[in-house]
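Me: I'd like to learn how to read strands and confidence in a model. Could you walk me through one?

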Amino acid sequence: MSLMPPLIFSLLLFVGEPVLAQIKYSTREEVKVGTIIGDVAKDLGLDVSALRSRRFRIVSGERDALFEVNPNNGVLFVHKNIDRETLCDANAACLLDLKIVVENPLEVHYVTVEITDANDHAPTFVEAEKVIEIAESTLPGARFQLPGARDPDVGLNSVQRYKLSQNEIFNLEIRDRGEDKIPFLVLQRLLDREQKTNHSLILSAMDGGAPLKSTNLNITIKVLDINDNRPIFLKEVYSVILQENAALDTVLIKVHATDLDEGINGDVEYVFGGDVNSKMLQLFSLDTNTGEIRVKGTVDYETADVFKLDVQATDRGQPPMTTDCRVIIKIQDVNDNEPEIDVTSISSTVPEDSKRGTVIALVSVTDKDSGLNGKIRCSLTENTPFELKPSFKENMYSLVTKGNLDRESVSHYDISITATDHGVPPLSTSKALSLQVSDVNDNRPEFRHNPLDLYMSENNPPGETIFSVTAFDKDINDNAVVSYRIFRGDGGHNEMKSFLNIHSENGQISALKRFDFETLKTFQFQVVATDSGTPSLSSNVTVNVFILDQNDNAPVILYPVSSNGSAEGVEEIPRNVNAGHLVTKVRAYDADIGYNGWLLFSLQEVSDHSLFGLDRYTGRIRTLRSFTETDEAEHKLVILVKDNGNVSLSATATVIVKVVEPKEAFAVSDVQSSATDEEENNVTLYLMITLGSVSVLFLISIIVLIAMQCSKSTDYTSKYLPETNYDGTMCHSIQYRSGDKRYMLVGPRMSVGSTIVPGSQANTLVLPDRRTASGEVR
């Protein structure tokens, strides 16, 4: 059966706070387990279907196990049996605070459940029977305190009235002492022991519950002989203040009663009244002779802040006479309890892109002390991007972000929350909270250098790795896993990009074709590095490829060339020529550059070494002396043309020199001169065109060079490595360009007819490019 308690609902809005509402329900104690207290989801306006996914739950203290919420329908129900007297003792109001949390987004709601009293206890007397001795000389109107009944219930369910059985001698009087009702037996007539020694009465105590519950106390009145003066206390109510944790055997107060009788009828002894429970007897002791009340046990303010003791003074007369007083002990709080911190973590990790004000945890602090001793201030570890934001409810805080987080700078925070009370001396406690900053994909892959220059020799084996690129990402896990690809956009050397392949995981680049320096000297492509985050980030790097020449082209003979294409020619000279006469010039070409294209001429085969000489560098064949009558009329010269590569390549040309008489030579010369004139005219035209083109290019180069020197620094130095066998002679050089690089072929000074071994006292230097900034070194 569900209860219908009154509901108090108040909407509370606080900027930046996850707390939305506070609800108050009411239920009676001892209701059945499963009884519905209230429909929390309905009263809060929450979507019932989303309660389970939003982790609708109670997150506060151990008492909250008495109640549970149903995540399926959002109702609050009784989880365990509720005993109000166990929870709240004799307090008038019994309130339990519950903290209910729903997530996504985070909302914290406070529910207060008031436990109302049920009349589940009957009044009880400490003693089953009370014996009162009254002297027969006692005058009418005398009052005798009776034991009060105790009822753990409160309000109307506690003891409301007393009733005395019908008799003609005694009457019942009720006095209020604070919140308690004290029954007194009032003598209406004089007693006559000779008529009746004992009187039997019944005292009934009744509560105000429905149904009414009661209990009875049997009272026996013994009529004694005269002892006509009773002890009298100086005060009816004594009050004293005691600090908690007071030392054992500390004297609280000394009560004193006087008796006007003499002898044993005037001797007074003190005892605790019958209403003093066993717990008080464990804390306090009473000296029966002196009336001193001392501390017997440990007094704790947090357990009870006030104690009420009834003390009776009895003389030793026959019959003895008694009187009573009330001693009220007020306990003064001492700062003996450290604050307690309760942290409800939303998550142990926080994304590095969390906005300011993101709630990380809920923090509640408590202190069992009261007043300033129970007032708490909270602090957080300094120099962290977090802060404690107070809630509308005292001693409630939210741990939120106050600054930007960067996992790459700080990936872990150890936060200490310290709670300190205002007592003297103050007590404090700390609680550590460990937070891990989770990674988000906020860093692009980076290359250490951009652009990258690759120098590779031509004739590379297809399919082999020619280069490798590496990018690093400051993120972690999938956000730092980098894959590579070649950008194949419009423009540039797209035909070259199609012959390149890159390993997506390690960035190794392989060429699918063999490169030829004579066809392509330089090209450029871009590599894109992309991480695996969501969304992914990427960056690119430009790779400049420079093809280096290899000696893969043999010299080609341009002259002499016969009609069938072979390198053979016939030259006729008069017999009467002098020494130094130019017989012919062997012309050759090599597609390579540098040493690989530097051609040297030598006589491989000659019929008479004394007749002909060959210029090593120009290929001119001249006579070394005049012809004699004994010299043969035909001579065969085989000229070897080779380059200066590491593995040199060569070609041969054959020149047949015929020695004729001067008249024949002139005739032949006339025929050849007519053909040569025409050829020379054509050659002259070609030379003029070439000379003009070279002059124009030279002027343009000079203008560009001057402009570059004016705009950029040209500070550079050329350093040559000294050679151990260098003899100090002057060197000559040949400069050439490959792609964006300038090279200088440097060798020792050579004379006509000298020889050079490739690589000996000769170097190929890479010259700094005047177009490159002085601060950049490749």
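Reply: Gladly! Strands are DSSP runs (E, at least two residues), numbered from the N terminus, and two of them pair if DSSP finds at least two bridges between them. In this predicted model, one open sheet has three strands in the order S35-S39-S38, with antiparallel pairing.

Me: Which are the edge strands?

Reply: They are S35 (465-468) and S38 (500-502), each of which pairs on one side only. From one strand to the next, the twist averages 25 degrees; here axes are lines fitted to C-alpha atoms, and angles run from 0 to 180 degrees between N-to-C directions. S35 pairs with S39 (residues 508-511) over three antiparallel bridges, and Phe467 faces Ile509 in S39.

Me: What do S5 and S6 form?

Reply: A hairpin, with five residues between the two strands. Gly74 in the turn has a positive phi of about 80 degrees. S5 (residues 67-69) and S6 are joined by three antiparallel bridges, with Glu68 opposite Phe77. S6 (residues 75-78) also pairs with S3 (residues 36-39), again antiparallel over three bridges, and there Gly38 is opposite Leu76.

Me: And how should I read confidence?

Reply: Use pLDDT, the predictor's confidence in each residue, from 0 to 100. The chain averages 81, and 84% of the residues score at least 70. Over residues 745-766 the pLDDT is below 50, although this stretch has 66 contacts (heavy atoms within 4.5 Å) beyond near neighbours in sequence. Where pLDDT is low, predicted coordinates should not be read in detail.

Me: Any reading notes?

Reply: Residues are numbered from 1 along each chain as its sequence is written. Local features need pLDDT of at least 70, side-chain atom pairs count only at pLDDT 80 or more, totals for chains, interfaces and linings use all residues, and side-chain values use heavy atoms, leaving out hydrogens and water.

Key
Helix = DSSP H or I, 4+ residues; strand = E, 2+ residues; numbered from the N terminus.
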